[in-house]
Number of protein chains: 2
Amino acid sequence: MIERTANLLGVVGVMVADAIEQTARDVVRHAGETPAALVVIGYGFGPSNDRLRRILGLSHPGTVRLVDRLVRDNLVERRPDLKDRRSISLHLTPQGEQAREAFLKGRLAAIAQVIEPLSTAECEQLTGLLRKMLSSLDPSDEQRCYLCRLCDDRVCTNCPIPADFRADVASA
Amino acid sequence: MIERTANLLGVVGVMVADAIEQTARDVVRHAGETPAALVVIGYGFGPSNDRLRRILGLSHPGTVRLVDRLVRDNLVERRPDLKDRRSISLHLTPQGEQAREAFLKGRLAAIAQVIEPLSTAECEQLTGLLRKMLSSLDPSDEQRCYLCRLCDDRVCTNCPIPADFRADVASA
DNA sequence: AGCAATTATGTGCGCTGCGCACATAACGTC
DNA sequence: GACGTTATGTGCGCAGCGCACATAATTGCT
């Protein structure tokens, strides 16, 4: 019965998402895609407004206002893009780096609480199943970026769905 | 490394939650706790505003407005509570029943797509792991209700976290 | 070089979902 | 029958987001 499995995964999925959002509210004091923006900008490749927009799946004005919030909170700064004076380049402030670290750490801790009852062997089992689910997806590049928008790259080794914006990190 | 497992679960959890919310937007045309309200009211025990508020974890005014939306859309009706004339009793209209069915079906379908690459044996494995995670939780009754707020009771057999509001269904 | 089409950013405006403070009606208790 | 409690409903405002529009810089075409 795949339906029973799906139902349980639905409960756990929502539980995990709730825990992550709660962490975001506690640490970043913002909801929606704002914490994801913090994570993505934190990769340090200095994305433009439009690049960020595509990764987060937001409208253009929504992204502008999102960045406004982060700038107002001294978490992000807009730098001029020297190669294209229309564009801006988004970078984290030291406070932003700190907030990003705290959020990612809180995120992992919140999720770890859910898996805590599992034994080490069961964790390995679960890892295998999750990897299989993720690697079997056939999303476009943009969708992959969207999925990875909250991912903690420090612990994401051998990622089953490498988002292509990671490539920009190297070139930054 | 529990952290790598946690990170992957974070990605899948958000993916599942996103898929469920997308279904809600498509079918119910509302976001937030509105689809959950439809599911909970659909149990048919005629919850009061306050009962619903506690299950969904919303403020009282937020719940009133939520019900306003559902009433405006002809999905829910407020009936007088004969035993307590302060209270109201929330029930789905035929349209509401239909919307609830469509949402729950869409939810299962969306999640099933994520599990689809797994074999039958792997599904069983996953079910066991999910059940262990859920049954090991130590939430209060209210938290349990909150977790089950989107659950499809038609396929939830031998629930690891039985929400106590289910008991009201029998007495309704 | 010059001018149109494209691209990137920012602004007014409104919508949805939600919480706080407050008001009102019914219940229970003494 | 008066008072505290409980249940519902109402202004009001805020966060997050999208649409339509405006403006500036780049690209491409001739």
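Analyst: In this predicted model, contact means that heavy atoms lie within 4.5 Å of each other.

User: How do you know through which surface the copies meet?

Analyst: Of the interface residues of chain B, 100% are also interface residues in chain A, so the copies meet through the same surface.

User: What makes the relation between chain A and chain B that of a two-fold axis?

Analyst: Chain B is superposed on chain A by a rotation of 180 degrees, with 0.0 Å of shift along the axis and an RMSD of 0.0 Å. That is why the relation is the one of a two-fold axis. In chain B, the C-alpha of Gly13(B) is the nearest to this axis, 1.9 Å away.

User: How do you know that the span of helix H5 of chain A is close to what is expected?

Analyst: Helix H5(A), residues 94-115, has 22 residues and reaches 32 Å from its first C-alpha to its last. At 1.5 Å a residue, 32 Å is expected, and the two values are close. Helix H1(A) can be judged by the rule applied to H5(A): its 26 residues reach 37 Å, close to the expected 38 Å. After H1(A) comes Arg29(A), whose phi is positive, near 65 degrees.

User: Which residues of H5(A) are called buried, and what covers them?

Analyst: Buried means a relative accessible area under 20%. The residues of H5(A) that meet this cut-off include Phe103(A), Leu104(A), Leu108(A), Ile111(A) and Val114(A), as well as Arg100(A) and Arg107(A). Their cover includes helices H1, H2 and H6 and strand S2 of chain A. Helices H1 and H6 of chain B also take part in covering the buried residues of H5(A).

User: Why is Asn158(A) called exposed?

Analyst: The relative accessible area of Asn158(A) is 61%, and exposed means over 50%. Asn158(A) therefore counts as exposed. Asn158(A) lies in the loop between helices H7 and H8 of chain A.

User: Why is Asn74(B) called partly exposed?

Analyst: The value for Asn74(B) is 47%, and partly exposed covers what lies between 20% and 50%. Asn74(B) therefore belongs to that class. Asn74(B) is found in the loop between helix H4 and strand S1 of chain B.

User: What is to be noted about the phi of Asn158(A) and of Asn74(B)?

Analyst: Most residues other than glycine have a negative phi. Asn158(A), however, has a phi near 55 degrees, and Asn74(B) has one of about 60 degrees. Both values are positive, in residues that are not glycine.

User: What makes a space a cavity, and how many of 30 Å³ or more are found?

Analyst: In a cavity a 1.4 Å probe fits but cannot get out. A search of the whole structure finds one of 30 Å³ or more, and the largest cavity holds about 30 Å³.

User: How many residues of the lining of the largest cavity are nonpolar, polar or charged?

Analyst: Nine are nonpolar, one is polar and none is charged. The lining includes Cys148(A), Cys151(A), Cys156(A), Cys159(A) and Pro160(A), and Cys and Pro count as nonpolar. Helix H1(B) gives the most to this lining, with three residues; Asn7(B), Leu8(B) and Val11(B) are among the lining residues.

User: What is known of the second largest pocket?

Analyst: About 260 Å³ of space lies in this pocket. Its lining has 13 residues, with Phe45(B), Gly46(B), Pro47(B), Asp81(B) and Ser89(B) nearest the centre. By class, four are nonpolar, five polar and four charged. Strand S2 of chain B gives the most to the lining, with three residues.

Conventions:
Residues numbered from 1 in each chain as written. Chains lettered and ligands numbered in written order. Predicted model: local features only at pLDDT ≥ 70, side-chain atom pairs only at ≥ 80, totals over all residues. Heavy atoms only, no water. Helix = DSSP H or I, 4+ residues; strand = E, 2+ residues; numbered from the N terminus. Expected span 1.5 Å × (residues − 1). Buried < 20%, exposed > 50% of the residue type's maximum accessible area, 1.4 Å probe, protein only. 1 Å grid on protein atoms, 1.4 Å probe; cavity = no way out; pocket = protein on both sides within 12 Å on 5 of 7 lines; lining within 4 Å. Points joined across faces, edges and corners; volume = space filled by probe spheres on them. Least-squares fit on C-alpha atoms with pLDDT ≥ 70 in both.
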